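Reader: Hi! Could you walk me through this one before I set anything up?
Author: Happy to, let's have a look together.

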Amino acid sequence: MFPLSSMPDVPAPRLEVSHIVRSFGGRRVVDDVSLSVAAGQVTCLLGPSGCGKSTTLRMIAGVERVDAGEVRLDGVTVAGPGVHMPPELRSVGLMFQDFALFPHLTVADNVGFGLRADRAAKARRIDELLEKVDLSGFGRKHPHELSGGEQQRVALARALAPRPRVMLMDEPFSGLDNRLRDGIRDRTLELLKEEGTAVLLVTHEPDEAMRMADEIALMRQGRIVQKGAPYNVYNAPVDKAAAAFFSDINVICGTSRGALTATPFGEFLTPGHRDGAEVEIVIRPQHLRIDFDRGGRGPNPTPEDGTPARGTVLRSRYLGRESLVDFAMDFEGAKLTASVPGVFLPKPGTVLWLMIRRDRCFVFGV
């Protein structure tokens with residue numbers, strides 16, 4: 001225990017969501033979801049389409065009512081049993097896939113639309129935000145005169161104008177060209193952190209979550225199945241589906257006997273699985289290594305690498321930054337894919353040896 005004088009300084013959550021539930025037609029679309037976001041923190045609600053991400057966001061915004069649970073902003077309950085504060089009173093900013101700019105208003109009028117201030121203060125805030133989003137001098141233009149990236153920045157400036165405590169973002173970058181997306185995402189993140197806004201970003205793209213988030217909440221079928229820092233969620237997935245959501249995976253199926261499972265790479269420790277239990281050993285393609293020194297000529301493998309396994313090339317593909325090589329292994333018909341940096345295109349039928357890092361493998365029960 002820390003003495004009171006030396007307790008670490010932990011910021012209070014700006015947004016707290018506790019056990020919220022929402023059903024439609026008797027089906028739970030959001031099922032017991034809890035999360036919290038501090039000022040200046042970005043949390044990504046990540047998951048496939050239809051898993052309940054947007055409905056969760058809409059309940060926090062106040063557009064949808066909660067069936068159970070609570071939503072609190074700076075400790076004040078805005079949604080819960082007998083409580084439903086209207087959206088306009090929640091001090092929550094919203095950004096969506098479609099930028100929802102008013103076509104008949106100028107850029108300046110769009111940015112200042114929800115701003116409650118006298119004329120001079122309003123003009124100063126609009127000018128400040130347009131400068132921050134690199135759109136100084138664009139105030140008199142209309143949305144149809146702007147590119148998609150420029151419209152997105154106007155939408156960001158409008159959402160930030162009233163200094164919301166929480167920013168809710170629903171796939172806000174999905175409509176942008178790939179060329180622009182990374183730069184605009186980075187600039188958006190920088191501005192939100194400058195403003196000290198708590199951000200909840202909904203996305204179905206793992207790369208976007210990894211790039212932007214301080215914390216990822218992985219959602220599936222209405223529930224959060226794993227939550228943590230991007231590094232931890234990626235490197236310690238809770239199950240096979242969680243691992244597969246972030247990247248391609250190889251799966252080696254086997255049977256645990258005496259806490260060991262036979263694989264092309266020798267026996268794997270599979271503690272915690274009863275004798276006869278079916279298990280799946282999961283490894284990402286980038287953690288398979290091609291060993292050109294095998295066949296009795298190379299050095300002995302380290303314990304981390306395990307036993308080399310022989311495979312025959314089925315197909316190889318060049319993807320720009322990497323090459324993917326598919327193998328048929330000399331072990332019970334197993335097929336594996338290795339990711340190799342740069343250009344590596346061995347012909348079908350080529351025999352090669354593969355190694356794996358056992359500490360990069362995940363073992364799950366079936």
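**Strands, pockets and salt bridges**

Author: In strand E20, Val351 is the bridge partner of Thr312. Keep in mind that this is a predicted model.

Reader: Thanks! Which strands pair there, and over how many bridges?
Author: Strand E17, residues 309–318, pairs with strand E20, residues 351–356, in the antiparallel sense over four bridges.

Reader: And what stands opposite Thr312 in E18?
Author: That would be Ala328. E17 and E18 also pair in the antiparallel sense, over seven bridges.

Reader: How many residues sit between the strands in the hairpin of E17 and E18?
Author: Three, and Gly320 in that hairpin takes a positive phi near 105 degrees.

Reader: Good, changing topic to pockets. How much space lies in the largest pocket?
Author: The largest pocket holds about 700 Å³. It is lined by 22 residues, and Val92, Gly93, Leu94, Gly114 and Pro162 are the closest to its centre.

Reader: Which elements each supply at least two residues of that lining?
Author: Strand E7 (92–95) and helix H4 (148–160) do. The largest share comes from E7, with four residues.

Reader: And what is the lining like by class?
Author: For the largest pocket it splits into 15 nonpolar, three polar and four charged residues.

Reader: OK, and the second largest pocket, how much space is in there?
Author: About 460 Å³. The second largest pocket has 13 lining residues, with Asp207, Ser247, Gln286, Arg321 and Glu322 nearest its centre.

Reader: Which helix and which strand each supply at least two residues there?
Author: Helix H6 (206–212) and strand E18 (322–329). By class, the lining of the second largest pocket has six nonpolar, three polar and four charged residues.

Reader: Nice. Now for charges: how many salt bridges does the structure hold?
Author: There are 28 salt bridges. One of them joins Arg223 and Asp31, whose closest N and O atoms are 3.1 Å apart. That pair links distant parts of the chain, since Arg223 is in strand E11 (residues 223–228) and Asp31 is in strand E2 (residues 27–38), 192 residues apart.

Reader: Is Asp31 buried or exposed?
Author: Asp31 is buried, with a relative accessible area of 17%, because buried means under 20%. Arg223 has a relative accessible area of 37% and is partly exposed.

Reader: Which residue does Arg211 meet in a salt bridge?
Author: Its partner is Asp186, at 2.8 Å from N to O. Arg211 lies in helix H6 and Asp186 in helix H5 (residues 178–194), so this salt bridge ties together parts that are 25 residues apart in sequence. Arg211 is partly exposed at 38% relative accessible area, and Asp186 is partly exposed at 35%.

Reader: I have Glu190 and Arg187 on screen too. How far apart are they in helix H5?
Author: They are three residues apart, which means a separation of about one helical turn. Their side chains meet in a salt bridge of 2.9 Å, N to O. Glu190 counts as partly exposed at 41% relative accessibility, and Arg187 is partly exposed too, with a relative accessible area of 23%.

Reader: Last one, I promise. Which residues do salt bridges that share partners join into one network?
Author: Arg125, Glu128, Lys132, Arg163 and Glu195 are joined into one network that way.

Notes. Residues numbered from 1 in each chain as written. Predicted model: local features only at pLDDT ≥ 70, side-chain atom pairs only at ≥ 80, totals over all residues. Heavy atoms only, no water. 1 Å grid on protein atoms, 1.4 Å probe; cavity = no way out; pocket = protein on both sides within 12 Å on 5 of 7 lines; lining within 4 Å. Points joined across faces, edges and corners; volume = space filled by probe spheres on them. Nonpolar A, V, L, I, M, F, W, Y, C, P; charged D, E, K, R; others polar. Pairing = 2+ DSSP bridges. Salt bridge = Lys/Arg side-chain N within 4 Å of Asp/Glu carboxyl O. Buried < 20%, exposed > 50% of the residue type's maximum accessible area, 1.4 Å probe, protein only.
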